[in-house]
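The questions below ask how certain labels are earned. Each answer sets a value beside a rule.

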Protein chains: 2
Amino acid sequence: MAVATARKPAVPTAERILDVAERLVQTRGFKGFSYADVAEHLGITKASLHYHFPGKAELGEALIVRYSARFAGALERIDAKVPSAGAKLDAYVELYAKVLRARRMCLCGILAAEFETLPGPMRDAVVRFFDDNQAWLATVLTRGQADGVLSFRGTAEDAAQSLISGLEGAMLLARPYADPRRFESAARRLLAGVVADPER
Amino acid sequence: MAVATARKPAVPTAERILDVAERLVQTRGFKGFSYADVAEHLGITKASLHYHFPGKAELGEALIVRYSARFAGALERIDAKVPSAGAKLDAYVELYAKVLRARRMCLCGILAAEFETLPGPMRDAVVRFFDDNQAWLATVLTRGQADGVLSFRGTAEDAAQSLISGLEGAMLLARPYADPRRFESAARRLLAGVVADPER
DNA sequence: GTCTATAGGCAGATAGAC
DNA sequence: GTCTATCTGCCTATAGAC
């Protein structure tokens with residue numbers, strides 16, 4: 001129970017570290033930020049960071065785990081609130097668009113580009129993120145197809161993969177052009193590719 | 001005219017440096033390789049590299065310029081040899097597939113992920129690469145549409161952007177899974193999205 | 001939990017001999 | 001053109017006081 005005089009720091013240090021590191025990775029990549037960067041932004045020392053996360057590899061893994069959990073939560077909320085398959089896909093795309101509007105790349109998308117240089121545990125966590133997304137999308141696509149509101153060729157898993165890679169690619173290229181419309185335009189086209197044609 | 005006894009080194013040192021650096025960037029990213037890496041692979045010293053390319057920024061720019069020129073040459077050859085718009089698109093996708101089969105990412109795709117940390121001249125060169133690709137694709141799409149073999153909604157420029165980002169995203173995600181089929185499957189779906197439906 | 005201080009390594013880069 | 005030698009800076013990481 002919350003007491004009136006209770007005052008824990010609004011956000012624990014470990015979380016604040018993750019917040020700053022997450023932003024830096026999403027904008028500059030995993031090799032593009034340092035403990036010194038994070039420390040400076042938080043007004044603490046590098047040594048303190050090592051207390052919360054022993055090494056950069058552990059910090060990186062924690063970033064992906066938290067990001068994936070937050071994403072999974074968002075997908076659950078979509079499932080709970082949005083009934084139709086088409087609207088679920090719209091909401092899914094909006095998750096990406098929101099990241100891009102913050103001028104960030106998808107965390108796991110940018111880490112996919114650096115995949116070769118990542119520590120093993122980080123690699124595994126990145127792949128899990130995409131597997132989870134694919135599974136969720138495949139379910140939505142399958143139900144949408146059964147309901148007749150969605151239409152696509154091949155397996156739902158296949159179509160889900162294409163959607164994810166299409167969205168990640170659209171984010172990747174939107175940033176150099178600093179133009180979110182580049183993403184939105186590509187996203188609309190991707191969605192149009194799985195929506196059942198009403199003229200048929 | 002070539003003389004029988006003439007023997008320049010088969011490949012000039014600067015080219016060999018670019019060859020090694022290109023492979024390293026395409027697999028590990030621009031921040032993922034060092035002058036020491038390149039020097040070791042070539043059996044020369046770091047200092048020698050600085051003779052050919054004063055700094056990493058100049059080396060990086062030279063990489064993109066050469067890569068773009070080679071790509072432009074490939075597009076010219078496609079234009080010269082391949083008549084139909086559909087086959088041109090197939091040949092275009094094959095350019096990407098070939099890179100991926102060498103277990104590399106598109107040079108400018110991986111640099112797009114690192115865009116924020118790149119020197120200005122490298123950024124400009126990356127954007128030019130994508131602009132050139134978009135222009136070529138838009139021309140192919142426009143002619144294909146006029147000929148009735150291709151069909152897509154919106155502008156050709158828009159569709160070209162979507163194709164490029166779709167292909168880049170498919171490469172990006174194929175590598176963590178070490179599975180070229182992931183790329184091929186997504187590429188087929190992208191092409192199917194612009195091919196005129198014969199049933200219409 | 002946070003600090004100061006520092007270790008140890010590797011990065012990009014330069015000077016100057018050959 | 002290539003070398004040796006060296007510089008400077010930043011990186012990750014640790015020891016140990018408070």
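Ala, Val, Leu, Ile, Met, Phe, Trp, Tyr, Cys and Pro count as nonpolar, Asp, Glu, Lys and Arg as charged, and the others, Gly among them, as polar. In this predicted model, the surface near DNA strand D has eight polar, seven nonpolar and two charged residues by that classification.

Q: What makes H50(A) a polar contact of DNA strand D?
A: A polar side-chain atom of H50(A) lies 3.3 Å from a base nitrogen of DNA strand D. The cut-off for a pair of N or O atoms is 3.5 Å, so the pair qualifies.

Q: Why do K56(A) and T45(B) count as polar contacts of DNA strand D?
A: A backbone N or O atom of K56(A) lies 2.8 Å from a phosphate oxygen of the strand, and a backbone N or O atom of T45(B) lies 2.7 Å from a phosphate oxygen. Both values are within 3.5 Å, so both pairs count. Elements giving two or more residues to this surface are α2 and α3 of chain A and α3 of chain B; α3(B) gives the most, with four residues.

Q: Why is the pair D158(A) and R189(B) called a salt bridge?
A: The N to O distance between the side chains is 3.3 Å. The rule asks for a side-chain nitrogen of Lys or Arg within 4 Å of a carboxyl oxygen of Asp or Glu, so the pair meets it. Across the interface of chain A and chain B the rule finds two salt bridges.

Terms used. Residues are numbered from 1 along each chain as its sequence is written. Chains are lettered from A and ligands numbered from 1 in the order in which they are written. This is a predicted model: local features need pLDDT of at least 70, side-chain atom pairs count only at pLDDT 80 or more; totals for chains, interfaces and linings use all residues. Side-chain values use heavy atoms; hydrogens and water are left out. A polar contact is a pair of N or O atoms within 3.5 Å; within protein, one must be able to donate a hydrogen and the other to accept it, and residues adjacent in sequence count only if both atoms are side-chain atoms.
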